[in-house]
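Here is a short walk through the fold, one selection at a time. Open your viewer, switch to a cartoon representation, and follow along.

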Amino acid sequence: MNISLFRLPADGLTFNHQYATNELDASEHQFELESPPLVTGRVDRVGMDMRVRGEIKSKLIATCDRCLNEVVLPIEASFDLIYLPEDPSAGHSGETELHERDLALAVYENDQINLDDLVLEQLELNLPIRVLCREDCQGLCSECGADLNSEQCQCQKPIDPRWQALADLKTQSEQED
Ligand SMILES: [Zn+2]
Ligand SMILES: [Zn+2]
């Protein structure tokens, strides 16, 4: 979906779009859409620049970093972006006011803002740095690949190097005594 900037009202424009299933193509992203996003927000003109802010609600499916199982992630993200005209010769009259605020920048073309790109990008940005199915996910056995959350394999557990270091310390102090 595109937001048309043609004849944008002087007091800005609000938008509210519930995406339909399959309306967005997330295939180039690290997630799938469990429930299609709802996006609400407003566009305000500042000279040739457009300030676009709002909120996105969605549920994503991502992969647990440890066990590779699917995880459903509810996302509620707010955004506040400045869209500059693609043609730099159009000039940026809002430059001094807006650019000083350190807002994220994007580009619009043909008097339109591509809302799909905005939504997909913002969802990607709001993914947690580590995706875990649960805090104490046991992950996969590095030897046989068994999911250690649901089964115990027969592979020998290597000694955690931290415990080994402690054991070494203990032996050392015993020797000193
Ligand atoms: Zn997991
Ligand atoms: Zn194993």
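## Stop one: the central pair of strands

Select S4 and S5 to begin: these two strands pair in the antiparallel sense, with 14 bridges between them. To see one such pairing up close, pick Lys59, which stands opposite Pro74 of S5. Keep in mind throughout that this is a predicted model.

Next, pick out helix H2, which packs on the sheet and touches S2, S3, S4 and S5. The direction of H2 makes about 55° with that of S4.

## Stop two: the whole sheet

Now widen the selection to the open sheet of five strands, whose order is S2-S3-S4-S5-S6, with mixed pairing. Which strands stand at the edges? They are S2 and S6, each with a single partner strand, so one side of each is left without a neighbour in the sheet. On average, neighbouring strands here are turned by 25° against each other, direction ignored.

Move to the S3 side of S4. The strands S3 and S4 run antiparallel and are joined by 12 bridges. Glu32 makes a good marker, with Ile61 in S4 as its bridge partner. Then look at the hairpin of S3 and S4, which has two residues between the strands; in this hairpin Gly47 takes a positive phi near 65°.

Carry on to S2. It pairs with S3 in the antiparallel sense over six bridges, and you can select His17 to find its bridge partner in S3, Val39. How many of the six residues of S2 are buried? The number is zero, so S2 lies largely in the open.

## Stop three: the nonpolar core

Turn to the interior. As background, nonpolar side chains in soluble globular proteins tend to be buried together. In this model the largest nonpolar core has 19 residues. Select Met50, Tyr83, Ile113, Leu115, Val119 and Leu123, the residues with the most contacts inside that core. Strands S3 (32-46), S4 (49-63) and S5 (70-85), together with helix H2 (115-125), are the elements that give two or more residues to this core. The largest share, five residues, comes from H2.

Stay with Ile113 for a moment and show its surroundings. Which residues does Ile113 touch, not counting residues up to four places away in sequence? They are Asn2, Ile3, Leu5, Val43, Met50, Val52, Tyr83 and Tyr108.

## Stop four: two loops with positive phi

A reminder for this stop: most residues other than glycine have a negative phi. Select Arg7, in the loop between strand S1 (2-4) and strand S2 (13-18). The phi of Arg7 is near 55°, a positive value in a residue other than glycine. Is Arg7 buried or exposed? It counts as exposed, because 7 other C-beta atoms lie within 10 Å.

The second of these residues is Asn110, found in the loop between strand S6 (104-108) and strand S7 (112-114). Asn110 has a positive phi of about 50° although it is not a glycine. Asn110 is also exposed, with 11 other C-beta atoms within 10 Å. Add Phe6 to the selection and draw a C-alpha to C-alpha distance: Asn110 and Phe6 are 9.0 Å apart in space, while 104 residues apart in sequence.

## Stop five: the loop between S4 and S5

Come back to the opening pair and select Asp65, in the loop between S4 and S5. Asp65 counts as partly exposed, because it has 15 C-beta neighbours inside 10 Å. Not counting residues up to four places away in sequence, Asp65 touches Arg130, Val131 and Leu132. Try one more distance, from Asp65 to Gly139: the C-alpha atoms are 8.1 Å apart, with the two positions 74 residues apart in sequence numbering.

## Last stop: zoom out

Show the full chain again. It has three helices and seven strands, and read along the sequence they follow the pattern β-β-β-β-β-α-β-β-α-α. Of the 177 residues, 15% count as buried. Among contacts in the chain with a separation of 6 or more, 61% are between residues 24 or more positions apart.

Methods: Residues numbered from 1 in each chain as written. Chains lettered and ligands numbered in written order. Predicted model: local features only at pLDDT ≥ 70, side-chain atom pairs only at ≥ 80, totals over all residues. Core = buried A, V, L, I, M, F, W, Y, C linked by C-beta atoms within 7 Å. Buried ≥ 20, exposed ≤ 12 C-beta atoms within 10 Å, placed from the backbone. Helix = DSSP H or I, 4+ residues; strand = E, 2+ residues; numbered from the N terminus. Contact = placed C-beta atoms within 7 Å. Pairing = 2+ DSSP bridges. Axes fitted to C-alpha atoms, helices over the stretch in contact; angles between N-to-C directions.
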